[in-house]
Amino acid sequence: MELIINQLSKTYANGVKALNEVSLTIPQGMFGLLGPNGAGKSTLMRTIATLQDADSGSISLDGIDVLKEKQAVRERLGYLPQDFGLYPRINAETMLDHIAQMKGIGNKAERKEVVASLLQKVNLFKDRKKGLGTYSGGMRQRFGIAQALVGNPSLIIVDEPTAGLDPSERNRFYNLLSEIGENTIVILSTHIVEDVNTLCSNMAIICMGEVLMQGKPKDGLEMVKGKIFQKSIDKSDLDTYRKEYQVISTKLISGRLSLRIESEGNPGNGFEAAPADLEDVYFSFISKKVDPITI
Ligand code: ADP
């Protein structure tokens, strides 16, 4: 199974070009779509999820024309959108039962079984009678995964799922995502590099509607290996360094800036070689499109 996106473009009515000839091949397993806010990730996710149209280009899911055969896609799709509204007074069990009914599971006994097994899977069984409005952020996201898994989808889209989760909730969510079957395509859209590092076997980096890189995280690491150097500098010297070096990221540590640059060889001047990580890969690509930001 494969999702093939070919030269997909979308310009909104206000003139913003959210997708500019995006082409991606997404195999089975966990695929990380990484990009800063405004990169076009949600636009792409919503288009794949058949919730909005593109201006041009095509998307194919195992031979299904996603832009035209919307119903066929919806039958195979599980979607956890970025902002997903919950009815606060309805409990998880009732809500999942309702969703299962909408997804065509007509038999009540079968539905009960499906709902119970999903609630177990996302570790919400004991909280199944509580109103969704009482759930913590992590519980909401786990419920979101449960509703996306109703009907055994072969394509699962999760848009910015870990934003706002505390570290332990995030870990639990990671474990849950990594358990989702290997014979499905899971697209995880995020601006958090750690999400992709932890979970994804394949990835792409997008920025300003364009694909800057696609491949395996280790392919990305290969590209910057031996080229990352770091130095701790005074905040006020940043502009000077920016003029002279390819600054990819800066991190504020105890009032000083830890500067990371990309360079073919050691530039001297107090810079030290640093082992490259996926964050360097990400910032290496992004910094060539937009000004580096302090993280
Ligand atoms: P991301 O999910 O990566 O943050 P989006 O797909 O939400 O990116 O947005 C991409 C660009 O399109 C942004 O500049 C955003 O402001 C713009 N955009 C998104 N949705 C709309 C819309 N409905 N109308 C106009 N502009 C939009």
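**View 1. The β4–β5 hairpin in a predicted model.** In this predicted model, L61 has I64 of β5 as its bridge partner. A second pairing sets S60 against D65 of β5. Strand β4 covers residues 56–61, and 2 bridges join β4 to β5 in the antiparallel sense. The two strands form a hairpin with 2 residues between them. D62 sits in the turn and has a positive phi of about 50°.

**View 2. The open sheet that holds β4 and β5.** This open sheet has 4 strands in the order β2-β1-β4-β5, and the pairing is antiparallel. The edges are β2 (17–27) and β5 (64–65); each has a single partner strand, so one side of each lacks a neighbour in the sheet. Strand β1 spans residues 2–11 and pairs with β4 over 5 bridges, again antiparallel. L3 stands opposite L61 of β4. L61 is also the residue whose bridge partner in β5 is I64. Strands of a sheet pair through backbone hydrogen bonds, either parallel or antiparallel.

**View 3. Helix α3 against helix α4.** Helix α3 is residues 92–102 in the α3–α5 pair described below, and its partner here, α4, is residues 108–121. The axes of α3 and α4 come within 9 Å and cross at roughly 125°. That angle makes α3 oblique to α4. The crossing is right-handed. On the α3 side, the contact residues are A92, E93, L96, D97, A100 and Q101. They meet R111, V115, L118 and L119 of α4. The contact residues divide into 6 nonpolar, 1 polar and 3 charged.

**View 4. Helix α3 against helix α5.** The axes of α3 and α5 come within 9 Å and cross at roughly 25°. That makes α3 roughly parallel to α5, because angles under 35 degrees count as roughly parallel. α3 passes α5 in a right-handed crossing. A92, M95, L96 and I99 of α3 make the contact with F143, A146 and Q147 of α5. The set divides into 6 nonpolar residues, 1 polar residue and no charged residue. A92 and L96 of α3 also take part in the contact with α4.

**View 5. Helix α5 against helix α6.** Helix α5 (residues 137–149) packs on helix α6 (residues 167–179) at an angle of about 10°. Their axes are 9 Å apart. The two helices are therefore roughly parallel. Their crossing is right-handed. From α5 come G137, G138, Q141, R142 and I145. From α6 come E169, R172, F173, L176 and L177. These contact residues divide into 4 nonpolar, 3 polar and 3 charged.

**View 6. The open sheet of β11 to β14, with helix α10.** This open sheet of 4 strands runs in the order β12-β13-β11-β14, with antiparallel pairing. The edge strands are β12 (246–253) and β14 (272–273); each has a single partner strand, so one side of each is left without a neighbour in the sheet. Strand β11 (residues 228–233) is joined to strand β13 (residues 256–262) by 6 bridges, and the two run antiparallel. Within this pair, I233 stands opposite L257 of β13. Helix α10 (residues 278–287) packs on the sheet and touches β11, β12 and β13. The direction of α10 makes about 125° with that of β12.

**View 7. K227 in the loop before β11.** K227 lies in the loop between α8 (217–224) and β11. Leaving aside neighbours within four places in sequence, K227 is in contact with I261, E262, S263 and E264. The C-alpha atoms of K227 and G265 are separated by 6.5 Å, though these residues are 38 residues apart along the chain.

**View 8. The annotated span, residues 3–233.** UniProt, in an unreviewed entry, places the feature "domain: ABC transporter" at residues 3–233. The end C-alpha atoms of this span lie 45 Å apart. The span is 35% helix and 29% strand. One end residue, L3, stands opposite L61 in β4. The other, I233, stands opposite L257 in β13.

How values were computed. Residues numbered from 1 in each chain as written. Predicted model: local features only at pLDDT ≥ 70, side-chain atom pairs only at ≥ 80, totals over all residues. Heavy atoms only, no water. Axes fitted to C-alpha atoms, helices over the stretch in contact; angles between N-to-C directions. Parallel < 35°, antiparallel > 145°, perpendicular 65-115°, else oblique. Left-handed = near helix turned anticlockwise from the far one by under 90°. Contact = heavy atoms within 4.5 Å. Nonpolar A, V, L, I, M, F, W, Y, C, P; charged D, E, K, R; others polar. Pairing = 2+ DSSP bridges. UniProt positions renumbered as here; feature names shortened; annotations may be inferred.
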